[in-house]
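Let's take a walk through this one together, a stop at a time. Have the model open and turn it as we go.

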Amino acid sequence: MADDYLVRIGKLIRDARQHRGWTQTQLAEALGTSQSAVNRIERGNQNISLEMIARIGEALDSEIVSLGYAGPMHLRVVGGRRLSGSIDVKTSKNACVALLCGSLLNKGRTVLRRVARIEEVYRLLEVLNSIGVRTRWINDGVDLEIVPPADLDLDAMDADAARRTRSIIMFLGPLLHRMDAFRLPYAGGCDLGTRTIEPHMIALRRFGLDITATEGLYHAQVDRSVTPGRPIVLTERGDTVTENALLAAARYDGVTVIRNASSNYMVQDLCFFLKALGVEVEGVGTTTLTVHGVPNIDADVDYSPSEDPVEAMSLLAAAVVTESELTIRRVPIEFLEIELAVLEEMGLDHDRSAEYPADNGHTRLADLTVRPSKLEAPIDKIHPMPFPGLNIDNVPFFAAIAAVAQGQSLIHDWVYDNRAIYLTDLNRLGGRLQLLDPHRVLVEGPTRWRAAEMMCPPALRPAVVVLLAMMAAEGTSVLRNVYVINRGYEELAERLNSVGAQIEIFRDI
């Protein structure tokens, strides 16, 4: 029995390593061990401690096992079923993590309504709790209360949790006003290739923050004599870069102008939250933000983040790929208008309701009803642009949609180094995707999907795209180790089952 356990553990490690694209030697180097030891582990021929399993999981950013339950989560999908009825969009993952980081600005009590209960949020809560922030779920676990301590204990930070989320980078903006020197672990998250933090550094240097990176840590020093005397021009119109600049400007005693700012949904939610804290922000929804900082923020604030446009796109894609009629409610329509315009040109049959306000009082929502449609490949390539262009995170869903359309579609995912590569996993389910280079994929449709068993890609959106294709494929598919999906979606399998999918959650260790 023990030998069988070791063999199953070894197979999970091997699959996770291969899906990451690592050799046994590369994994051995990351662990400080030998290639032969890794080989023995993967063959089930070596005893292995829970500590080593945890280290391997961290190195591969894959949940090999978890303490407290039987093992990594898998999904068994019975495909070929039509969806029907209606489903609500949950609150924005990216807004929620920005607001959790933003709560560090406030000395008072922060309540966030309908927070997404996802792994990314849980990792940030673990980090916040470890440094002394008190958090608790209230109102039957729907809302989140956050109360900071008088002084943060950064030396006690849960480094393992911090390394499993890219969002930790957004601690820099709030913390530079709280202490003159501090350390943060390197940011982690999805395996999407190298992403430089230099745009963050360029923006935050204007507030006196200097960063050196050694031994897996960012070492931060703050020079209080440095202030942003002229407008900050971001070298990248990125969402988290803009949010970090906003968080730094919020407690700066003066006026900060941020140019080439992102105006995307999570940035707007953060701006509205800052206003609730008493920070005046002008230009919300544009690429120039003017922030009137408040050096001391001590307010009891109650805020409701808006719904997630990327989840809305996920659900829309689920309806398209499974040829279903489905109503998707509470869609933040202003952040899906380009996507819908492209889909209309492809032949999507859908209706939308009159618009109504989100609970934050600003974001425009609508209900979408999608019907089975005969789609044609778009004439132009599918490519993302900063808002109001097609959302970067929505590009992968067009791979699945293009796969059911007639003709050839070119998808150019120019932002990330690796993500387009993961889209070719659809070929194992019957897709015909040709990787032209690390950023471009040619998709040939329509597709006759077929069931398969495979490891979950280590990137959030491609992982969901694979799940959607499995839902369309006749027969039973298995998607193994879906931790990455749980990072960004709350109870996705259960919610899809509520509208007609057949997805079973199981664990095999």
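Keep in mind that this is a predicted model. A good place to drop in is Pro388, which sits in the loop between strand 17 and helix 14. The peptide bond that links Phe387 to Pro388 is cis, with omega at about 15°. There is another cis bond to look at further along, this one between Gly445 and Pro446, where omega is about 0°. Pro446 belongs to the loop that runs between strand 20 (440-445) and strand 21 (453-455).

While we're on backbone geometry, swing over to Arg114. Its phi is near 55°, a positive value in a residue that isn't glycine. You'll find Arg114 in the loop between strand 3 (110-112) and helix 6 (119-130). With a relative accessibility of 28%, Arg114 counts as partly exposed, because the partly exposed class lies between 20% and 50%. Arg330 also has a positive phi, about 65°, without being a glycine. Arg330 is placed within strand 14 (residues 326-332).

Now for some helix packing. How do helix 2 and helix 4 cross? The axes of helix 2 (residues 24-31) and helix 4 (residues 50-60) come within 10 Å of each other, and the crossing angle is roughly 115°. That angle makes helix 2 roughly perpendicular to helix 4, since the perpendicular class runs from 65 to 115 degrees. As for handedness, helix 2 passes helix 4 in a right-handed crossing. On the helix 2 side, the contact is made by Leu27, Ala30 and Leu31, while helix 4 brings Met52, Arg55, Ile56, Ala59 and Leu60. Sort the residues of this contact by character and you get 7 nonpolar, no polar and 1 charged.

Next, look at which sides of the helices are hidden. In helix 3 (residues 35-43), the buried residues are Ala37, Val38, Ile41 and Glu42. These cover an arc of only 135° around the axis, which puts them on the same side of helix 3. The spacing fits a general rule: an α-helix has 3.6 residues a turn, so residues three or four places apart point the same way. Right after helix 3 comes Gly44, with a positive phi near 80°.

Helix 13 (residues 337-346) can be read in a similar way. Which of its residues are buried? They are Glu339, Leu340, Val342, Leu343 and Met346. Looking down the axis of helix 13, you see the buried residues fall within an arc of 160°, so they line one face of the helix. And what covers them? The cover includes helix 12 (309-321), strand 15 (349-352), strand 17 (364-371) and helix 14 (395-403). Following helix 13 is Gly347, whose phi is positive, near 110°.

Let's drop into helix 5 (residues 93-102), where Val97 lies. At 2% relative accessibility, Val97 counts as buried, because buried means under 20%. Apart from neighbours within four places in sequence, Val97 is in contact with Glu120, Val121, Leu124, Ser167 and Met170. Thr33, on the other hand, is 64 residues from Val97 in sequence and 35 Å away in space, C-alpha to C-alpha.

Cys101 is placed in helix 5 too. Is Cys101 buried or exposed? It is buried, with a relative accessible area of 0%. Leaving out residues up to four places away in sequence, Cys101 touches Leu124, Ser167, Met170, Phe171, Pro174 and Leu247. Take Ser167 from that list: Cys101 and Ser167 are 66 residues apart along the chain, yet their C-alpha atoms are separated by 8.0 Å.

Our last stop is helix 18 (residues 492-497), home to Arg495. Arg495 is buried, with a relative accessible area of 10%. What does Arg495 touch, not counting residues up to four places away in sequence? Its contacts are Ile87, Asp88, Val89, Lys90, Glu311, Leu315 and Glu490. Glu494 is found in helix 18 as well, but Glu494 is partly exposed, at a relative accessible area of 39%. Try drawing a line from Glu494 to His74: they are 420 residues apart in sequence and 13 Å apart in space, C-alpha to C-alpha.

Conventions: Residues numbered from 1 in each chain as written. Predicted model: local features only at pLDDT ≥ 70, side-chain atom pairs only at ≥ 80, totals over all residues. Heavy atoms only, no water. Axes fitted to C-alpha atoms, helices over the stretch in contact; angles between N-to-C directions. Helix = DSSP H or I, 4+ residues; strand = E, 2+ residues; numbered from the N terminus. Parallel < 35°, antiparallel > 145°, perpendicular 65-115°, else oblique. Left-handed = near helix turned anticlockwise from the far one by under 90°. Contact = heavy atoms within 4.5 Å. Nonpolar A, V, L, I, M, F, W, Y, C, P; charged D, E, K, R; others polar. Buried < 20%, exposed > 50% of the residue type's maximum accessible area, 1.4 Å probe, protein only. Arc of directions from axis to C-beta.
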